[in-house]
Amino acid sequence: MPITLPRPVLDANASAGGKDLGPLPEWDLTDLYPDQDAPELKRDLDWLEEACRSFATDYEGKLAGLDAAGFLTAIQRHEKIEAVAGRIMSFAGLRYYQLTVDPERAKFLSDMQEKITIYTTPLVFFTLELNRIEDATLDALFAANADLARYQPAIRRIRAMKPYQLSDEMEKFLHDMGVVGDAWERLFDETIAGLTFEIDGEELNIEATLNYLTDPDRSKREAAARELAEVFGKNIKTFARVHNTQAKEKEVMDRWRGMPTPQTGRHLSNDVEPEVVEALRNAVVNAYPRLSHRYYELKRKWLGLDRMQVWDRNAPLPMETDRIVDWTEARGMVMDAYTAFDPRMGDIATPFFEKGWIDAAVKPGKAPGAFAHPTVTDVHPYVMLNYLGKPRDVMTLAHELGHGVHQVLAAEQGEMLSSTPLTLAETASVFGEMLTFRKMLENAKDQQERKVLLAGKVEDMINTVVRQIAFYDFECKLHDARRGGELTPDDINALWMSVQAESLGEAFDFMEGYETFWAYIPHFVHSPFYVYAYAFGDGLVNALYAAYEENPEGFQDKYFDMLKAGGSKHHKELLAPFGLDASDPTFWDKGLSMIEGFIDELEAMED
């Protein structure tokens, strides 16, 4: 029963600040439920418990014998259960992220998770029985009923797990054990949240300390990097224990399921072929010298340094201003870019600002980072930001709003078909960023401003493409090494350093202690191998944008059709109208060449 919660993403650019940014919007969660004691919530919980019980009574052991109409009814009943459970979990999760330090909200979220796990346990049979039906039988059912045939893509994705399915009893056991497995994730989250760092006599949390890595003052960046290294070092045994346990648990699960590689499960859930991911990975690694190595050499010169240190990687450029963009201006910049591309896009984005669908302010106890959560298809998405008025925060708004537009358009597909695999989920968000960036570039008042914008965009792209593929390589090495036995902290440190130098290039020296910086990356713990989806999304959008520039005629309609499709089509079908194919190795070079072109322009400005 895939009830997903939004996960806050640690973002080195978000931290508390007291600037006057204008009226920042807050969430109005009443579209989900009026409050946690609302009779509507109790009604839905009672309905859910009964609906799960009666679904199991009506269908367990009988799925294979249903005719097309009966099978459609079963699918629709299951979809309604997903929608109600998703609504409850969205409300509990979003409420918690607004104030994570509130024990009552944490308890409410935990109680809802537990209840829904218990209620949905009787439904485990559904996918197991579905996967035992013969292909020919299902094909005949689809042929007999067009409404049922609409669900074919979702059923195909469920059946991708067929070769790796265990016995019904084992699957039910694993469903119940999921709550216990989550405890290691909670240990990681609580350890990270509980870390304290001291800089210039001030006690800070991880978010504020990471923010110092973007400080204009080099001594402050160095102090932050050294403090991060010291605190990670003191806690490294805990982080190594979490990673060892998680990787071992995954290895056991994969072995029992007969999965050929540690990455197989992620590729299946992303609905992407291993060779496509391999082509992406190889294209990016081969491009390291043309991308990150070249860019950081330029940055080294701009900063006037003989050698770069790791605390200089995200340093602001000397020609940057510390301009603050208030909320009204940020909204205008993003909405202008969206509307200029297509007025329909502006229309979809408007209610986010006006109806309490965005929570923008930095507040004590609020979750860090940013996300867009689609909730359920009969409500609307919610966007969370920690807006501080930096130009990069404008890009974050453009990014998350892109997700929101995508989620609104895909909602018409219904619960089972609306959500896209991670590899495609970043399409509209990165495209929204690109539109906003191009608009800002167009409006740049001089060469200096253009240079700052270009450099910022290249830096973001390197963080999205190069850094995430380096992360992916680290995870691949970690999981392979763990199969040979327990890994010491030094073992994991060595794996981390083996990918860092390769991806960042010759411009850098690595301070003692940097080898522990794998410890705070949440994706490694929460979602193994998630990270390549960022590079996939960025590469895909770069290729799409290049297609838009080459042939703008009719592009908008094709783009909207792609977003409306949600998860109802495979990436090959979605990209075909644009003449693109992600399984073609040259596809990724097309996307990477856009980043290369920006670096070419920056180098030309040096002459």
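W357 is buried in this predicted model, with a relative accessibility of 11%, and its ring forms an aromatic pair with that of F352. The two rings meet edge-to-face, their centres lying 5.0 Å apart and their planes making an angle of 85°. F352 is likewise buried, its relative accessible area being 0%. A search of the whole structure returns 47 aromatic pairs. Another of these joins F510 and Y514, whose ring centres are 5.7 Å apart and whose planes stand at 25°, so that this pair counts as stacked. Here the two residues fall on either side of the 20% cut-off used for burial: F510, at 26% relative accessibility, is partly exposed, whereas Y514, at 4%, is buried.

Confidence in the prediction should be considered alongside these details. The protein chain has an average pLDDT of 91, and 97% of the residues score at least 70. Over residues 1–18, however, pLDDT stays under 50, although the model has 64 contacts beyond four places in sequence for this segment. Where pLDDT is low, predicted coordinates should not be read in detail.

The largest nonpolar core comprises 146 residues, of which Y295 and W518 touch the most other members. Beyond its neighbours within four places in sequence, W518 is in contact with I236, F239, A240 and H243, with F474, with I492, N493 and W496, and with F524. Apart from this core lies another, made up of 52 residues and including W27, F91, I155 and M384. I155 is also one of the buried residues of helix α7 (residues 152–159), the others being P153, A154, R157 and R159. The buried residues of α7 pack against α2, α4 (124–130), α5 (135–144), α6 (146–149) and α18 (415–418).

An open sheet is formed by three strands in the order β4-β6-β5, with mixed pairing. Strands β4 (358–359) and β5 (371–373) occupy the edges, and because each has a single partner strand, one side of each is left without a neighbour in the sheet. Strand β5 runs antiparallel to β6 (residues 382–384), to which three bridges join it; within this pairing, H373 has Y382 of β6 as its bridge partner. Helix α2 (residues 68–98) packs on the sheet and touches β4, β5 and β6, its direction making about 155° with that of β5.

Two loop residues other than glycine have positive phi values, and their surroundings can be contrasted by accessibility. D200, with phi of about 50°, lies in the loop between β1 (197–199) and β2 (202–204) and is exposed, at 66% relative accessibility. D271, for which phi is near 55°, is placed in the loop between α12 (264–269) and α13 (274–287), but at 11% relative accessibility this residue counts as buried. A further loop position is that of G485, which is found between α22 (466–482) and α23 (489–504) and is partly exposed, at 25% relative accessibility. Although G485 and Q447 are 38 residues apart along the chain, a distance of 55 Å separates their C-alpha atoms.

Two helical residues illustrate contacts made beyond the immediate sequence neighbourhood. K250, in helix α11 (residues 236–257), is a lysine that counts as buried, since its relative accessibility is 16% and the cut-off for burial is 20%. With neighbours within four places in sequence left aside, K250 is in contact with P262, H479, P528 and F529. L544, which belongs to helix α25 (residues 532–550), is buried with a relative accessible area of 0%. Outside its neighbours within four places in sequence, L544 is in contact with T427, F555, M562, F578 and L580. The C-alpha atoms of L544 and L575 are 8.6 Å apart in space, the two residues being 31 residues apart in sequence.

Conventions: Residues numbered from 1 in each chain as written. Predicted model: local features only at pLDDT ≥ 70, side-chain atom pairs only at ≥ 80, totals over all residues. Heavy atoms only, no water. pLDDT = per-residue confidence, 0-100. Contact = heavy atoms within 4.5 Å. Pairing = 2+ DSSP bridges. Helix = DSSP H or I, 4+ residues; strand = E, 2+ residues; numbered from the N terminus. Axes fitted to C-alpha atoms, helices over the stretch in contact; angles between N-to-C directions. Buried < 20%, exposed > 50% of the residue type's maximum accessible area, 1.4 Å probe, protein only. Core = buried A, V, L, I, M, F, W, Y, C linked by side-chain atoms within 4.5 Å. Phe/Tyr/Trp six-rings, centres within 6.5 Å; stacked < 30°, edge-to-face > 60°.
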